[in-house]
Amino acid sequence: MIKVFEDFDIMLVGHYQSVLDSNGIDTFMKNQFGTSGAGELPFVEVVPQLWVLNEADVERARALIQELHENADAETMQAWDCPACGIPQEAAFTHCWKCSASRPSLSSGD
Ligand SMILES: [Zn+2]
């Protein structure tokens with residue numbers, strides 16, 4: 001078995017597993033049950049991990065995961081409101097079409 005992905009987000013790992021499954025790749029999820037009832041284990045031991053059973057499938061699995069990552073990035077593109085004039089903007093715009101103010105960075109939420 002070869003580990004192809006791990007993330008604390010069990011939903012994400014599960015999603016990737018179902019995608020690989022639907023592409024005919026046999027997978028196994030380790031630490032599927034996360035921290036429940038495992039309080040004494042080091043946290044690193046309970047990261048949900050996605051493993052591919054057949055080495056021959058690993059490259060395809062990684063390519064699929066890469067593709068999913070890119071799609072996930074695209075999905076974070078959202079419509080936004082101009083911080084300067086408040087006009088609603090399309091997701092694809094990087095500047096306000098009305099006053100040319102820059103789109104606020106998505107990562108500056110804190
Ligand atoms: Zn504006």
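This passage walks through a nonpolar core, an aromatic pair and a zinc site in a predicted model.

A good place to begin is the largest nonpolar core, which has 15 residues. Within this core, the members that touch the most others are Val4, Phe5, Leu20, Leu50 and Val52. At least two core residues come from each of four elements: strand S1 (2-6), helix H1, strand S3 (49-52) and helix H2 (58-75). Helix H2 gives the largest share, with five residues.

Leu50 offers a helpful view of these surroundings. Setting aside residues up to four places away in sequence, Leu50 touches Ile2, Lys3, Val4 and Phe5, and also Val13, Tyr16, Gln17, Leu20, Thr27 and Phe28. One of these partners, Gln17, belongs to helix H1, which spans residues 10-22. Gln17 has a relative accessibility of 17% and therefore counts as buried, since the limit for that class is under 20%. Beyond its neighbours within four places in sequence, Gln17 is in contact with Thr27, Phe28 and Met29 as well as with Leu50.

Two further partners of Leu50, Phe5 and Tyr16, bring us to the aromatic rings. The structure holds one aromatic pair. The ring centres of Phe5 and Tyr16 are 4.7 Å apart and the ring planes meet at 50°, so the pair is classed as tilted; that class lies between stacked, under 30 degrees, and edge-to-face, over 60. Because Phe5 sits in strand S1 and Tyr16 in helix H1, the pair ties together parts that are 11 residues apart in sequence. How buried or exposed are the two partners? Phe5 is buried, at a relative accessible area of 10%, and Tyr16 is buried too, at 2%.

Attention now turns to the zinc ion. Its protein donors are the SG atoms of Cys82, Cys85, Cys96 and Cys99, which lie 2.2 to 2.3 Å from the ion. The angles among the four donor atoms run from 104 to 120°, and the site is tetrahedral. For orientation, the ideal angle for four tetrahedral donors is 109.5 degrees. Along the chain, the donors of the zinc ion follow the spacing C-x2-C-x10-C-x2-C. Cys82 lies in the loop between strand S4 (80-81) and strand S5 (88-89), while Cys99 lies in the segment after S5, so this pair ties together parts that are 17 residues apart in sequence. As for their accessibility, Cys82 is buried, with a relative accessible area of 4%, whereas Cys99 counts as partly exposed at 37%.

Methods
Residues numbered from 1 in each chain as written. Predicted model: local features only at pLDDT ≥ 70, side-chain atom pairs only at ≥ 80, totals over all residues. Heavy atoms only, no water. Buried < 20%, exposed > 50% of the residue type's maximum accessible area, 1.4 Å probe, protein only. Contact = heavy atoms within 4.5 Å. Core = buried A, V, L, I, M, F, W, Y, C linked by side-chain atoms within 4.5 Å. Phe/Tyr/Trp six-rings, centres within 6.5 Å; stacked < 30°, edge-to-face > 60°. Donors = N, O, S within 2.8 Å, 3.2 Å for Na, K, Ca; no water. Tetrahedral: all angles 85-135°; square planar, octahedral: opposite > 155°, others 65-115°.
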